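Okay, thanks for coming, everyone. I'll take you through one structure, and please have it open while I talk.

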Amino acid sequence: MKFVYCPFCGSKLTSKEIGDEGLIPFCQKCSVPLWDMFTTSIIAAVVNECGEIALLRQNYVSATKYVCVAGIMKLGESAEDTVIREVKEEIGQDVESLKFVKSYPYEKKEMLMLGYKADVKKKDFVMSGEVDAVEWVKLENALPLLREGGIAWQLVKTVIEEKL
């Protein structure tokens, strides 16, 4: 999100040189710089002890490709807590351990996605209303089911490479 008006007082912003950051939107009235903002979210490769990954179908995301568990961080919530909550909410799995993999800028949606590998013990799925289908897929068979080059694809590719 790019600020044009101050969210505190409503004044139109000007540009001000702020250290080595360059010209930044600035509210003269509140004397506050307002950097561009983005939403922080998580994306998780949920892997079980059998070497399978949980791949989801969410038709509002794609009618043809699978996706990984993903979700928005809530205020006051750590990225790790978000992964644990989203995995439980979306597919009913309990995270045993987490490993941070990489951060992925998602400019199209003004998001920063924090990628994790979430290890779980395989059990039946309990899907949320935002998940149309979910299945366990052998890690080595997962990439063709994801949008090539997409963030989920990049995350799963890294998880596969690290497993070998």
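Before the sheet, a quick term: two strands pair if DSSP finds at least two bridges between them. Strands here are DSSP runs of E, at least two residues, while helices are runs of H or I, at least four residues, all numbered from the N terminus. Now, what you're looking at is a predicted model, where local features need pLDDT of at least 70, side-chain atom pairs count only at pLDDT 80 or more, and totals for chains, interfaces and linings use all residues. Residues are numbered from 1 along each chain as its sequence is written, and side-chain values use heavy atoms, with hydrogens and water left out.

So, the sheet. It's an open one with 3 strands in the order E1-E2-E3, and the pairing is antiparallel. At the edges sit E1 (14–17) and E3 (32–33), each pairing on one side only. E1 is joined to E2 (residues 23–27) by 4 bridges, and Lys16 has Ile24 in E2 as its bridge partner.

On to helix H1, residues 79–91. Does its length add up, or not? The expected span is 1.5 Å times one less than the number of residues, so these 13 residues should cover 18 Å, and the end C-alpha atoms are indeed 18 Å apart. Among its buried residues (buried is under 20% relative accessible area, exposed over 50%, partly exposed in between, with a 1.4 Å probe and protein chains only) are Val83, Val87 and Ile91. The buried residues of H1 pack against several strands, including E4 (39–48) and E5 (52–57). Right after H1 comes Gly92, with a positive phi near 70°.

Next, the cores. By nonpolar core I mean buried Ala, Val, Leu, Ile, Met, Phe, Trp, Tyr and Cys residues joined through side-chain atoms within 4.5 Å. The largest one has 21 residues, and Ile53, Leu55 and Val156 have the most contacts inside it. H2 (151–163) is one of the elements giving two or more residues to this core, and its 7 residues are the largest share. There's also a second, separate core of 19 residues, with Ile91 and Val95 among them.

Last bit: which way do the rings of Phe100 and Tyr116 pair? Rings of Phe, Tyr and Trp (its six-membered ring) pair if their centres lie within 6.5 Å; planes under 30 degrees apart are stacked, over 60 edge-to-face, the rest tilted. These two have centres 5.4 Å apart and planes at 75°, so they're edge-to-face. Phe100 is in E7 and Tyr116 in E8, so the pair ties together parts 16 residues apart in sequence. Tyr116 is buried at 4% relative accessible area, whereas Phe100, at 42%, is partly exposed.

Technical notes:
Contact means heavy atoms within 4.5 Å.
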